[in-house]
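Let's take a walk through this one, starting with how far to trust it and ending in its core.

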Amino acid sequence: MSENEGSLTRRIAFVNPNDLDLTDCCRICKCRATVENGIKLRPLFNGRRLTRIIANTVHIEIKDIQGLPRFLCEKCLNILKTFSIFQVDFRRSEEEFKMAIEARRTYQMDTLMEFSTAIEMEKQRENDQKNAALVTNFLKKAKKTSKSKSKLQN
Ligand SMILES: [Zn+2]
């Protein structure tokens with residue numbers, strides 16, 4: 001930025017409230033639009049889109065108050081656009097990270113559940129086998145006893 005440019009874009013200082021015309025400057029940075037500095041002002045209250053973007057990004061509600069600037073300079077508009085995109089991107093990334101963590105957690109829970117179910121099934125099968133063995137043993141013993149009993153009886 002050249003020295004000249006710097007002085008041209010310098011903000012107006014609110015010194016004497018009586019000799020101020022607040023209407024022809026940027027509502028955000030207070031810069032004035034003159035033929036010399038080439039600053040272009042855009043209408044701020046042309047629809048609700050801009051004021052909504054400002055409210056969403058910087059959490060400041062700009063109201064159309066009589067006597068206050070109804071414009072926004074292009075420099076501030078660009079900063080606002082960049083900031084808005086930055087914020088939307090950042091929010092989206094955060095959402096996606098949260099979803100990824102949640103998905104991972106759910107996946108781990110599912111895997112854990114599958115694992116514990118598999119262990120339960122294995123235990124059940126072992127129990128069944130043990131029970132079957134016990135029954136078989138019992139039956140064998142019962143047969144033997146009845147044989148020996150019948151032997152004794154003979
Ligand atoms: Zn501005």
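**Confidence first, then the fold**

Start with the confidence, since this is a predicted model. Ranked by mean pLDDT, the elements of the protein chain run from helix α1 (residues 3–9), the lowest at 50, to strand β2 (residues 71–73), the highest at 94. The chain as a whole averages a pLDDT of 85, and 82% of the residues score at least 70. The weak spot to look at is residues 1–6, where pLDDT stays under 50. For that stretch the model has one contact beyond four places in sequence.

Now for the layout. The protein chain has three helices and two strands, and if you trace the elements from the N terminus you read α-β-α-β-α. How much of the chain is buried? Of the 154 residues, 8% are. As for contacts with a separation of 6 or more, 62% of them link residues 24 or more positions apart.

So where is the largest nonpolar core, and what is in it? It has 10 residues in all: C25, C26, I28 and C31, then L41 and L44, and finally F71, L72, C73 and C76. Strand β2 gives the most to this core, with three residues. Recall that β2 is also the element with the highest mean pLDDT. In soluble globular proteins, nonpolar side chains tend to be buried together.

To see the core from the inside, pick L41. Which residues does L41 touch once its neighbours within four places in sequence are set aside? Its contacts are then C26, A33, F71, L72 and C73.

Definitions and conventions:
Residues are numbered from 1 along each chain as its sequence is written. This is a predicted model: local features need pLDDT of at least 70, side-chain atom pairs count only at pLDDT 80 or more; totals for chains, interfaces and linings use all residues. Helices (H or I, at least four residues) and strands (E, at least two) are DSSP runs, numbered from the N terminus. A residue is buried if 20 or more other C-beta atoms lie within 10 Å of its own, exposed if 12 or fewer, and partly exposed in between; C-beta atoms are placed from the backbone. Two residues are in contact if their C-beta atoms, placed from the backbone, lie within 7 Å. pLDDT is the predictor's confidence in each residue, from 0 to 100. A nonpolar core is a set of buried Ala, Val, Leu, Ile, Met, Phe, Trp, Tyr and Cys residues joined through C-beta atoms within 7 Å.
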